[in-house]
Amino acid sequence: MNATGQVTGTSPTGSDDFHVFDTTLRDGAQREGINLTVADKLAIARHLDDFGVGFIEGGWPGANPRDTEFFARAQAEITFRHAQLVAFGSTRRANAKASEDPQVRALLESGAPVITLVAKSHDRHVELALRTTLDENLEMVRDTVSHLCAQGRRVFVDCEHFFDGYRSNPAYATSVVRAASEAGADVVVLCDTNGGMLPAQVQATVATVLADTGARLGIHAQDDTGCAVANTLAAVDAGATHVQCTANGYGERVGNANLFPVVAALELKYGRHVLPEGSLKEMTRVSHAIAEVVNLTPATHQPYVGVSAFAHKAGLHASAIKVDPDLYQHIDPELVGNRLRMLVSDMAGRASIELKGKELGIDLSGDRELVGRVVERVKERELKGYTYEAADASFELLLREEVEGRACRYFRTESWRAIVEDRPDGTHANEATVKLWVKGERIVATAEGNGPVHALDRTLRGALEGFYPQLAELELVDYKVRILEGKHGTESTTRVLVTTSDGSAEWSTVGVGDNVIAASWQAMVDAYTYGLLRVGVEPTE
């Protein structure tokens, strides 16, 4: 245990044999659209530590005040249970001493027990970017690594542009690996900085360098060819025992090797226990939580953790899954904290409807006639523009109507209207009026809003909250409009998808009409109806 109270030398599984190294806070933060505050970085660090990665690279202390502050606060505010904090920096300047280099001193002052140094391993980069000699670059590596090791720090070395450098001058690229290892670096990481390599190239190069140097090797892969995860696993196949990744594949340009598919493959496909027991089931939650912190929508089709990763739409798939889920799934989704989802669409067959009903807690297996009616109704409505694969709540209401023989209603609509007034000063007034029957009472309500749909939503809520106070908890969190193909342009059909939350869960509903307001009204009515059904309110109509 070092002075900061962190355990050094072992991974979360109690072994130093294999490293999962996360660089979301440093390399991942370079993605376009991500701008992390210190508070954001602390939140992500906690999620990563909970997940059980072995190393968290926090940034470049001394290079900017934010990263310097992060290291100070992380060590004061976070009790790391699994991860070791890593500071990132570069080798000393040319023709200087590591012991006198202010940037190297800042790495030590960060208090991080592990330091990653970036070093040039491509001869052209040494001569053109560093503007020094090949021999001096090797001395920069030796001097900086040995100095940090002498100060009690564990050192990893990132050989920047290694694979391109190896292709250009294999002898020199290999000499940088050897210099780092002989100076005391625990791991020498081969970096595909430009992301241009393919798996066979990576595997062959890693195997050769490992045989030539005997150094412990790691891999850092960018995703410019779409092969970062495959390249990372190819390096492992060749003998690398240290993988550098980022949460959700965040990173510069198109990103880095995605932490979650890499870890899942190591655990489930390779049989390597690289996480603490039980942590793999937290993967989907952690992926989505980090996406929320960086303010990016979670990728729906991301392997393992995307909401569509185990979603099945085709009737053929559903028929097979009904017999055995493994027939169309490469793993049990619960292993990574995800779940199987059946999508209901015009491609649905009986099996799809039965499985979706089971997912919603409704057993349809004994009623072939009922299932047939639901299948035909879904296909008929999708022909008109409805979509149920993204509107589970509307589908459940449709299903319950067929099962119970009547629609689930808490009010009846007599009429509604929305008015937009264009004023001479260029402003607009939006007003809506609804006339409803609720529990035998006729209600007329009017309200204004920022637009006609907002005004209609406020009016409907105002009319109902006196009878159903539970609606006060509901909030519209997403609203999507799509104009479907039609014959006469502005006469095209409009589809609206609404996502509503009660603070603990979200659900989506769909409406279709000849204009956006009519479609929105349908989606809102379904949203409020489903919200009341969720909390156990008995229908009254």
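The lining of the largest cavity, sorted by class, has 6 nonpolar, 1 polar and 3 charged residues. I should say at once that this is a predicted model, so treat every value here as computed from that prediction.

Let me stay with the cavity for a moment. The count comes to 1 cavity of 30 Å³ or more, and the space in the largest cavity is about 50 Å³. If you want to find the spot on the screen, look for D457, R461, L474, E475, L476, V498, T500, M524, A527 and Y528, which line the largest cavity. In terms of elements, at least two residues each come from α16, which is 452-464, and from β14, β15 and α17. The biggest contributor to that lining is α17, with 3 residues. Keep α17 in mind, please.

Next, the pockets. How much volume does the largest pocket have? About 1600 Å³. Its lining runs to 41 residues, and the ones that lie nearest the centre of the largest pocket are T300, V307, T499, E506 and S508. Six stretches give two or more residues to this lining: α11 at 283-294, α15 at 392-404, β14 at 475-483, β15 at 494-501, β16 at 506-513 and α17 at 516-534. Of the lining of the largest pocket, the largest share is from α11, at 5 residues. By class, the 41 residues divide into 18 nonpolar, 12 polar and 11 charged.

The second largest pocket holds about 540 Å³ of space. It has 21 lining residues, and E401, A407, R409, V525 and D526 are the closest to its centre. Here the elements that each supply at least two lining residues are α14, residues 368-383, then α15, then β11, residues 412-422, and α17. For the second largest pocket the largest share is from α17, with 5 residues. The classes in this lining are 11 nonpolar, 4 polar and 6 charged.

To pull that together, α17 gives two or more residues to the lining of the largest pocket, at least two to the second largest pocket, and the most to the lining of the largest cavity. The helix α15 is on the list for the largest pocket and on the list for the second largest pocket.

That brings me to how α15 and α17 sit against each other. Their axes are 10 Å apart, and the packing angle is about 70 degrees. Angles of 65 to 115 degrees count as roughly perpendicular, so α15 and α17 are placed in that group. On the α15 side of the contact you have A393, S394, E396, L397 and R400, and these meet D526, T529, Y530 and L533 of α17. The residues of that contact are 4 nonpolar, 2 polar and 3 charged. D526 is a useful landmark, since it is part of this helix contact and also one of the residues closest to the centre of the second largest pocket.

Now two residues with a backbone feature worth a look. Y304 is not a glycine, yet its phi is positive, about 70 degrees. Where does Y304 sit? In the loop between α11 and β9, the latter being 311-312. Is Y304 buried or exposed? Its relative accessibility is 9%, so Y304 counts as buried.

The other one is K439, again a residue other than glycine, with a positive phi near 50 degrees. K439 is in the loop that joins β12, residues 428-438, and β13, residues 441-449. With 48% relative accessibility, K439 counts as partly exposed, because the exposed class begins over 50%.

Two more positions before I stop. S90 belongs to strand β3, residues 84-90. The relative accessible area of S90 is 18%, so S90 is buried, given that buried means under 20%. Setting aside residues up to four places away in sequence, S90 touches W60, Q103, V104, L117, V118 and T144.

Last, T213, in helix α8, residues 199-213. Beyond its neighbours within four places in sequence, T213 is in contact with T174, V177 and R178. T213 and R178 are 35 residues apart along the chain, and their C-alpha atoms are separated by 5.9 Å.

Notes: Residues numbered from 1 in each chain as written. Predicted model: local features only at pLDDT ≥ 70, side-chain atom pairs only at ≥ 80, totals over all residues. Heavy atoms only, no water. 1 Å grid on protein atoms, 1.4 Å probe; cavity = no way out; pocket = protein on both sides within 12 Å on 5 of 7 lines; lining within 4 Å. Points joined across faces, edges and corners; volume = space filled by probe spheres on them. Helix = DSSP H or I, 4+ residues; strand = E, 2+ residues; numbered from the N terminus. Nonpolar A, V, L, I, M, F, W, Y, C, P; charged D, E, K, R; others polar. Buried < 20%, exposed > 50% of the residue type's maximum accessible area, 1.4 Å probe, protein only. Contact = heavy atoms within 4.5 Å. Axes fitted to C-alpha atoms, helices over the stretch in contact; angles between N-to-C directions. Parallel < 35°, antiparallel > 145°, perpendicular 65-115°, else oblique.
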